[in-house]
Amino acid sequence: MTADATGPADVAGPTDATGPAGGTGAAGPAAGRRTTAERVVVRVDRDRCIGSGMCALTAPGSLELGADGLARPLHAAATAGGGDTAGAGPGTGEPLTERLAEAVDYCPVEALALYSAGDGRRIAPSP
């Protein structure tokens, strides 16, 4: 098999919603939830984040590395109760996309988590 370094899949991972997550043949924790109408909130555990940048490369419309070198979501979530994810209500967050799910799957230290913006349940990785 020959590699073509010019294709976008070589830069940020697979983009076909029907393909396997991570290109390893094994579906990641967010597999099966690619590109849905569900709105999600991305949480970054800044104590775990090492600033690898995989998330920002995979989902540049959702995550970036801040000035401190750590990941941060681009879409702020409106939460109640001191930042508790369960307080996120409908209309907050962003649509769940394949790239966002892959960013969570690719994090080498599992510093990213996806929560439903509607009811606050954890979507990925599995609790």
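## Strand S5 and its surroundings

In this predicted model, both faces of strand S5 are covered: Leu112, Leu114 and Ser116 are buried on one side, and Ala113 and Tyr115 are buried on the other. In a regular strand the side chains alternate between the two faces of the sheet. The strand spans residues 112-116, and five of its five residues are buried.

S5 pairs with strand S1 and with strand S6, as the table sets out.

| Strand paired with S5 | Residues | Sense | Bridges to S5 | Residue paired with Leu114 |
|---|---|---|---|---|
| S1 | 39-44 | antiparallel | five bridges | Val42 |
| S6 | 122-124 | antiparallel | two bridges | Ala124 |

Leu114 thus appears in both pairings: Val42 is its bridge partner, and Ala124 in S6 stands opposite Leu114. S5 and S6 also form a hairpin with five residues between the strands, where Gly120 takes a positive phi near 80°.

The strand also contributes to the interior. In soluble globular proteins, nonpolar side chains tend to be buried together. Here the largest nonpolar core has 20 residues, and Leu63, Leu100, Leu112 and Leu114 are those with the most contacts inside it. At least two residues of this core come from each of S1, helix H3 (98-106), S5 and S6. H3 supplies the largest share, four residues.

Leu63 shows how parts of the chain meet. Setting aside residues up to four places away in sequence, Leu63 touches Val42, Val44, Cys55, Ala56, Arg72, Pro73, Leu74, Leu100, Ala103 and Leu112. Among these contacts are Leu100 and Leu112, which are also listed with Leu63 among the residues with the most contacts inside the core.

Methods: Residues numbered from 1 in each chain as written. Predicted model: local features only at pLDDT ≥ 70, side-chain atom pairs only at ≥ 80, totals over all residues. Heavy atoms only, no water. Buried < 20%, exposed > 50% of the residue type's maximum accessible area, 1.4 Å probe, protein only. Pairing = 2+ DSSP bridges. Core = buried A, V, L, I, M, F, W, Y, C linked by side-chain atoms within 4.5 Å. Contact = heavy atoms within 4.5 Å.
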